[in-house]
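Good morning, and thank you for coming. I would like to take you through one structure today, step by step, with the model on the screen.

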Amino acid sequence: MNKEKFTRWHLLTLGCLTVLFIVFLSGNPGVVRAQDPSVLVQSLPSSSPTGTDSSPKCLGCHKYRENHHPVDIVPAQPANYPFPLYNGKIMCLTCHIEDHLGSVNLLRGGPYLDEREFCFKCHSEGNYAKIDPHIMLDGHGNILNVNGRPVCLFCHLVKPNPATDRTGDVLFRADVAFLCWRCHPSMANPLFFKEHFLVTPSMEMRRYINEQEQRLQVTIPLVPRDRITCSTCHNPHQKGVIIYSPSASGADALHRLRLPADEICIVCHNVM
Ligand code: HEC
Ligand code: HEC
Ligand code: HEC
Ligand code: HEC
Ligand code: HEC
Ligand code: HEC
Ligand code: HEC
């Protein structure tokens, strides 16, 4: 390419990028607002009942009314709340900032080295310390209670019926990882965790997983949202709770893994 041609290409590319940038900004007024410090102060949400809430905007792209952290809830002690409330309720913007260019997961006051540091600004770690929700049965096949309700409701929104319900039928009180983080940090191996958590396997891998599930008679649940989460690899249930045998695999096993640590990788990774 000669020099003149190069310059023309260069200008053309620059022009396109400028137009794209302007389109991007006008389509994302929030980005502009957040970068202007004077407006930023003004648009900071207030915890007064009249505080404007743009959480409905988030829901247009992220269908997170279910299977995330619960929203639309009035906290027990709203006074001195660590984060803003909207109409007295916890909404998306209670925990998130609006700016998509912000910190990881746009968490208020973030980034956090450990996401549980964030949880315990509102939850009390001590409330969970005495509970082992993996012990579900009393030895006679009866379901134990936690806080006066069947242990199932510690994680599930509706008590599942093991005779009929499979992965995909059950409802949760929060996205799976939120259920677990109440008591567990994310895994000891941060690199392994980062490579897998909330990743959606490719179509090719999905087909392979289906074959392996048949061959090894194991369920590898990608619920909800077709992504890898804690329960994809771990089975949190006590032996005897889940009846359908491929889904029961891993109950009470070492690390509660659905297959032993040296085998579970080949359910998804075709290393042949
Ligand atoms: C009580 C706090 C809290 C509330 C309320 C909340 N979130 Fe989150 N959200 C989090 C935390 C913590 C994470 C980070 C989880 C992680 O480390 O992957 C997160 C992650 C996310 C993610 C990225 C990870 C994913 O699962 O895709 C999106 C998108 C998201 N939130 C959107 C929303 C929307 C939309 C709402 C309102 C319906 C909302 N959040 C309400 C705490 C909250
Ligand atoms: C126009 C669509 C759209 C709207 C509106 C929107 N988002 Fe997103 N958001 C996305 C896309 C696309 C991504 C990146 C892909 C993904 O992770 O799903 C994303 C990513 C995120 C993430 C993960 C960021 C990370 O660190 O990985 C969070 C958290 C999030 N959005 C929260 C919100 C919140 C809170 C709102 C409301 C203020 C909101 N989003 C509004 C489209 C949108
Ligand atoms: C802004 C405050 C706030 C933050 C931050 C927060 N939560 Fe919550 N969370 C609540 C409130 C309030 C409820 C409603 C139930 C209650 O009163 O305990 C709730 C409910 C839940 C539930 C549903 C089950 C239940 O106990 O009702 C789970 C699971 C949960 N939170 C986990 C987490 C995890 C994990 C984090 C951190 C990633 C987190 N929360 C961060 C305030 C918060
Ligand atoms: C510590 C949290 C937790 C508790 C407590 C819990 N579950 Fe679950 N349950 C999960 C998760 C996460 C899944 C999703 C993984 C899956 O699809 O198997 C699930 C899935 C299920 C499924 C679908 C299994 C399948 O075929 O894949 C059934 C049935 C079920 N649970 C029944 C119960 C019953 C009955 C109880 C109470 C005795 C209970 N669970 C208690 C977290 C829990
Ligand atoms: C892709 C599979 C996979 C996912 C996803 C996954 N784990 Fe693990 N987890 C493992 C394996 C494999 C081990 C055993 C590690 C070893 O042998 O050193 C393990 C070990 C653990 C242990 C035992 C202590 C430790 O860290 O070694 C805990 C607790 C645990 N995981 C919790 C979780 C939680 C909570 C999540 C979700 C936030 C999660 N895991 C997601 C595969 C997974
Ligand atoms: C209320 C607290 C609590 C919650 C919530 C909870 N666990 Fe546990 N978990 C425990 C306790 C206590 C133990 C150790 C005793 C045992 O294994 O039963 C444990 C043990 C484990 C182990 C074995 C750790 C090892 O070192 O081998 C794994 C894996 C695990 N849990 C995964 C999960 C997953 C996945 C979830 C979410 C679906 C979850 N847990 C939710 C309290 C909790
Ligand atoms: C539930 C399916 C699943 C399981 C189980 C699983 N992986 Fe993965 N793994 C993935 C997906 C999806 C990715 C993202 C990249 C991709 O699509 O290949 C990934 C990425 C990786 C990467 C990053 C390099 C790459 O290929 O992008 C390594 C290394 C890895 N996995 C190793 C392991 C090991 C070791 C185990 C067993 C302890 C394991 N995986 C278990 C699904 C899985």
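Let us begin in one particular loop. Asn-105 sits in the loop that connects H5 and H6. Although Asn-105 is not a glycine, its phi is positive, at about 60°. Leu-106 belongs to the loop between H5 and H6 as well, and its phi is also positive for a residue other than glycine, near 55°. I point these out because most residues other than glycine have a negative phi.

Are these residues buried or exposed? Asn-105 has 13 C-beta neighbours inside 10 Å, and a residue is called partly exposed when that count falls between 12 and 20, so Asn-105 is partly exposed. Leu-106 has 18 other C-beta atoms within 10 Å, and it is therefore partly exposed too.

The loop between H5 and H6 also holds Pro-111. The peptide bond leading from Gly-110 into Pro-111 is cis, with omega near 0°. A second cis peptide bond can be found between Val-223 and Pro-224, where omega is about -15°. Pro-224 is located in the loop between H10 and H11. For context, most peptide bonds are trans.

I should state clearly that this is a predicted model. With that in mind, let us step back to the whole chain. There are 13 helices and two strands. The chain has 272 residues, of which 14% count as buried. Among the contacts with a separation of 6 or more, 50% are between residues 24 or more positions apart.

Where is the largest nonpolar core? It is made of six residues, namely Leu-85, Tyr-86, Ile-90, Met-91, Cys-92 and Leu-93. Let us follow Met-91 from this group. Leaving aside residues up to four places away in sequence, Met-91 touches Asp-53, Ser-55, Val-71 and Tyr-86.

Next, please look at helix H10, which covers residues 203-216. How far apart should its ends be? At 1.5 Å a residue, its 14 residues should span 20 Å, and the C-alpha atoms at its ends are indeed 20 Å apart, so the two values agree. As for its surroundings, the number of buried residues among the 14 in H10 is zero, so this helix lies largely in the open. Directly after H10 comes Gln-217, with a positive phi near 50°.

We now turn to the ligands, starting with ligand 3. Around it are 21 residues, and those that come nearest are Pro-75, Cys-119, Cys-122, Ala-174 and Trp-181. Helix H5 (92-95), helix H6 (115-119) and H8 are the elements that each give two or more residues to this shell. By class, the shell around ligand 3 consists of 14 nonpolar, three polar and four charged residues. Which domains contribute to the shell around ligand 3? Domain 1 (55-127) and domain 2 (138-267) each supply at least three residues.

Ligand 4 is surrounded by 26 residues, the closest being Cys-152, Cys-155, Thr-167, Pro-221 and Ser-247. Sorted by class, the shell around ligand 4 has 18 nonpolar, six polar and two charged residues.

Finally, we come to ligand 6. It has 18 residues around it, and the closest are Ile-131, His-134, Cys-180, Cys-183 and Cys-230. Helix H8 (176-181) and helix H11 (230-233) each provide at least two residues of this shell. Which element gives the most? That is H8, with three residues. The classes in the shell around ligand 6 are 10 nonpolar, five polar and three charged.

One of the residues closest to ligand 6, His-134, leads us to a last stop, since His-134 is among the residues that Pro-236 touches. Pro-236 is in the loop between H11 and helix H12 (245-248). Not counting residues up to four places away in sequence, the contacts of Pro-236 are His-134, Ser-231 and Arg-256. With 17 other C-beta atoms within 10 Å, Pro-236 counts as partly exposed. The C-alpha atoms of Pro-236 and Ala-253 are separated by 9.9 Å, while the two residues are 17 residues apart along the chain.

That brings me to the end of the tour. Thank you for your attention.

Terms used: Residues numbered from 1 in each chain as written. Chains lettered and ligands numbered in written order. Predicted model: local features only at pLDDT ≥ 70, side-chain atom pairs only at ≥ 80, totals over all residues. Near = placed C-beta within 6 Å. Nonpolar A, V, L, I, M, F, W, Y, C, P; charged D, E, K, R; others polar. Helix = DSSP H or I, 4+ residues; strand = E, 2+ residues; numbered from the N terminus. Domains from an automatic or database assignment. Core = buried A, V, L, I, M, F, W, Y, C linked by C-beta atoms within 7 Å. Contact = placed C-beta atoms within 7 Å. Expected span 1.5 Å × (residues − 1).
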